[in-house]
Amino acid sequence: MKVIYYLDLPTDEYIWFGRKSIAAVRNVMPEVEIVQLTTQKWDGPDIGADSIRKFDMPMDCFYGYRKYFAQSMVEGNNLFLDVDCMVQKDVSGIFEREFDVTVCYRCKRDKIKNHIPFNGGAVFSRCPGFWKEAAGRPEEHKNWIDTEKKLSETALNDLYFVRVLDGNIYNYTPEDVDEDISGKAIVHYKGRRKKFLIQRAA
């Protein structure tokens with residue numbers, strides 16, 4: 001199993017979250033290999049991954065397309081994580097189950113859950129073909145809504161064995177900085193919740 005991040009925007013925020021996320025993985029799964037995927041143009045600082053794989057991709061297309069394209073080039077058992085995801089428990093046992101990829105339903109309070117049911121922040125995968133289809137064409141990714149929609153459409157098309165995991169455990173988004181998240185395996189500080197992690201780290 002590898003834990004894999006896609007990062008090609010070396011902003012201070014992304015670098016900070018990437019390092020925090022990698023440190024969290026190492027705390028609970030110290031033996032796991034961590035890989036950063038990026039473009040040939042990457043010249044950002046070290047975020048703490050064991051290795052970096054660079055791919056030749058145009059930078060004039062949306063970030064989400066580049067992410068999915070890079071993930072389609074990776075074989076094996078991989079946990080793809082956004083940099084704002086924090087792993088709190090050893091989740092390697094998930095790969096003892098059968099699937100091509102896993103997904104988690106969005107929480108009930110998520111406004112886009114009806115037409116984009118799945119969140120792609122934390123996905124266990126052993127199927128590069130899934131990501132090739134989710135990537136599609138660059139023009140299909142104009143923003144994050146498009147990218148998340150492509151993930152959901154690919155997961156629902158019956159071509160792949162998609163296992164749905166409990167989003168309250170494996171892709172949980174807190175609603176308050178003081179919320180008890182001790183029972184969660186993966187916490188996803190997406191959107192405005194990023195500030196929660198910053199406050200917790202202060």
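In this predicted model, the chain exposes about 9800 Å². Carbon and sulfur atoms supply 48% of that exposed area. As for the charges, there are 30 positive and 31 negative ones, and the mean positions of the two sets lie 3 Å apart.

Next comes the overall build. Six helices and 10 strands make up the list of secondary structure elements in the chain. The radius of gyration comes out at 16 Å, close to the 17 Å that the globule rule gives for 202 residues, so the chain is as compact as a globular protein of that length. Put in a box along its principal axes, the set of C-alpha atoms takes up roughly 40 × 40 × 35 Å. Sequence distance is worth a look too: take the contacts between residues at least 6 apart in sequence, and 67% of them turn out to join residues at least 24 apart.

Now for the inside. Of the 202 residues, 50% count as buried. The largest nonpolar core has 63 residues, and Leu81 and Ile186 are the ones with the most contacts inside it. Helix 1, which covers residues 12–28, gives the most to this core, with five residues.

Leu81 deserves a closer look. Setting aside its neighbours within four places in sequence, Leu81 touches a run of residues early in the chain, namely Val3, Ile4, Tyr5 and Tyr6. Ser21 and Val25 are also among its contacts, and both numbers fall within the 12–28 range of helix 1. The rest of the list is Val87, Gly121, Ala122 and Ile186. That puts Leu81 in contact with Ile186, the other residue named for having the most contacts inside the core.

Definitions and conventions. Residues numbered from 1 in each chain as written. Predicted model: local features only at pLDDT ≥ 70, side-chain atom pairs only at ≥ 80, totals over all residues. Heavy atoms only, no water. Helix = DSSP H or I, 4+ residues; strand = E, 2+ residues; numbered from the N terminus. Rg over C-alpha atoms; globule rule 2.2 N^0.38 Å. Buried < 20%, exposed > 50% of the residue type's maximum accessible area, 1.4 Å probe, protein only. Contact = heavy atoms within 4.5 Å. Areas by Shrake-Rupley, 256 points an atom, 1.4 Å probe, with all protein chains shown as cover. Lys, Arg positive; Asp, Glu negative; His and termini not counted. Charge placed at Lys NZ, Arg CZ, Asp CG, Glu CD. Core = buried A, V, L, I, M, F, W, Y, C linked by side-chain atoms within 4.5 Å.
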